[in-house]
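I opened a new structure today and kept notes as I went. Each entry records what I looked up and what I found.

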Amino acid sequence: MKLFLRSKGISFETSLDLDEAVSLLKKDARVSDFALKLIAEYERDFTRLSEQQVAWIFYMAAQTQQRKEVVKLGKVAAKSKDDFKRLYDSMATAQQKIARPIMRTKCGDVTLRICFAAGAKWNNAIFVNDNSGYDASDRKSFGRIDADGTFTPMRDCTRDVIAALVEVDGNIRGAMVRYGKLTGSCSICARKLTDADSVARGIGPVCENRWF
Ligand SMILES: [Zn+2]
């Protein structure tokens, strides 16, 4: 089902029905007072809920569902022997020549933007987001890679994101080149590839030489 949340100006899809959405919210310890109020109204007489109230129930239930998924992915990541040490080390090497190295890549439907955290607070960890800007309200936050290569999934992480990271870690240059060929822009500096040779190779030679 596709829903539109007017007050947030967003459309989203859900596979839940209303009963399932309500029962998910009822089991969520972090549920908001606003959600509790809607649940109470639902239980009093669900036919009196407005279309927007129903959309809010589905929206909050989808957030609860995603939080549960992230907890699950975190447990899987903690147990798994996979890490992203090669990716971390490649970023750290690039950082010796590029002040703040960033790489962008696309794997299937997943677009990743991988860069060091700004500021010292995160102990030089790498953050994995989607490719929207810092001020974009719908910017997705996928997770963090620490210096030992361990991955901590964050709010918007999915199985596809982890699969994409495994692919990137296995072939960093290949992931950059694929991005360049798919988008026509350099994975590292995001500038449009103009030179015929760069377009054919999928990466800008200056960036490539500085990174690797
Ligand atoms: Zn470049």
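**Entry 1: a loop late in the chain.** I started at Ala190, which sits in the loop between H6 and helix H7 (196-201). The model is predicted, and I read every entry with that in mind. I looked up the backbone of Ala190 and found a positive phi of about 70°, although Ala190 is not a glycine. Is Ala190 buried or exposed? I counted 14 C-beta neighbours inside 10 Å, so Ala190 counts as partly exposed.

I stayed in that loop for one more residue. Gly184 also has its place between H6 and H7. Gly184 has 13 C-beta neighbours inside 10 Å and therefore counts as partly exposed. Which residues does Gly184 contact, leaving aside its neighbours within four places in sequence? I found Lys192, Leu193 and Val199. I then checked a distance to Val76, which is 108 residues from Gly184 along the chain. The C-alpha atoms of Gly184 and Val76 are separated by 35 Å.

**Entry 2: the whole protein.** I stepped back for the overall picture. I noted 8 helices and 7 strands. The C-alpha trace spans about 65 × 35 × 30 Å along its principal axes. The protein has 212 residues, and buried ones make up 28% of them. I also looked at contacts between residues at least 6 apart in sequence. Of these, 46% join residues at least 24 apart.

**Entry 3: the cores.** How many residues does the largest nonpolar core have? I found 31. Leu87, Ile126, Val128, Ile145, Leu165 and Met176 have the most contacts inside it. I then listed the elements that give two or more residues to this core. The helices are H4 (85-95), H5 (159-170), H6 (172-183) and H8 (205-211). The strands are E4 (110-116), E5 (126-129) and E6 (141-145). H5 gives the most, with 5 residues. I found a second, separate core too. This one has 13 residues, including Leu25, Leu38, Tyr42 and Ala55.

**Entry 4: two residues of the largest core.** I took Val128 and found it in strand E5. Why does Val128 count as buried? Val128 counts as buried because it has 27 C-beta neighbours inside 10 Å, and the cut-off is 20 or more. Not counting residues up to four places away in sequence, Val128 touches Leu112, Ile114, Phe142, Gly143, Ile145 and Leu165. I compared its position with that of Arg48, 80 residues apart in sequence. From C-alpha to C-alpha, Val128 and Arg48 are 42 Å apart in space.

Ile145 came next. I left aside its neighbours within four places in sequence. Ile145 is then in contact with Phe84, Leu87, Tyr88, Ala125, Ile126, Val128 and Phe151.

**Entry 5: H2 against H3.** I turned to helix packing. Two packed helices are described by the angle between their axes and the distance between the axes. I looked up helix H2 (residues 33-45) and helix H3 (residues 51-79). Their axes come within 10 Å and cross at roughly 125°. That angle makes H2 oblique to H3. The crossing of H2 and H3 is left-handed. Ala35, Leu38 and Tyr42 of H2 make the contact with Gln53, Trp56, Ile57 and Met60 of H3. By class, I noted 6 nonpolar residues, 1 polar and no charged ones in the contact of H2 with H3.

**Entry 6: H1 against H3.** At what angle do the axes of helix H1 (residues 18-27) and H3 cross? I read roughly 55°, with the axes coming within 9 Å. H1 and H3 are therefore oblique to each other. H1 passes H3 in a left-handed crossing. On the H1 side I listed Leu18, Ala21, Val22, Leu24 and Leu25. They meet Val54, Ile57, Phe58, Met60, Ala61, Thr64 and Gln65 in H3. The contact of H1 with H3 has 10 nonpolar residues, 2 polar and no charged ones.

**Entry 7: the loop before H1.** I ended at Leu16, in the loop between strand E2 (10-13) and H1. Leu16 has 16 C-beta neighbours inside 10 Å, so Leu16 counts as partly exposed. Not counting residues up to four places away in sequence, Leu16 touches Ala21, Phe58 and Ala61. My last check was against Tyr88, 72 residues from Leu16 along the chain. The C-alpha atoms of Leu16 and Tyr88 are separated by 38 Å.

Key:
Residues numbered from 1 in each chain as written. Predicted model: local features only at pLDDT ≥ 70, side-chain atom pairs only at ≥ 80, totals over all residues. Core = buried A, V, L, I, M, F, W, Y, C linked by C-beta atoms within 7 Å. Buried ≥ 20, exposed ≤ 12 C-beta atoms within 10 Å, placed from the backbone. Helix = DSSP H or I, 4+ residues; strand = E, 2+ residues; numbered from the N terminus. Contact = placed C-beta atoms within 7 Å. Axes fitted to C-alpha atoms, helices over the stretch in contact; angles between N-to-C directions. Parallel < 35°, antiparallel > 145°, perpendicular 65-115°, else oblique. Left-handed = near helix turned anticlockwise from the far one by under 90°. Nonpolar A, V, L, I, M, F, W, Y, C, P; charged D, E, K, R; others polar.
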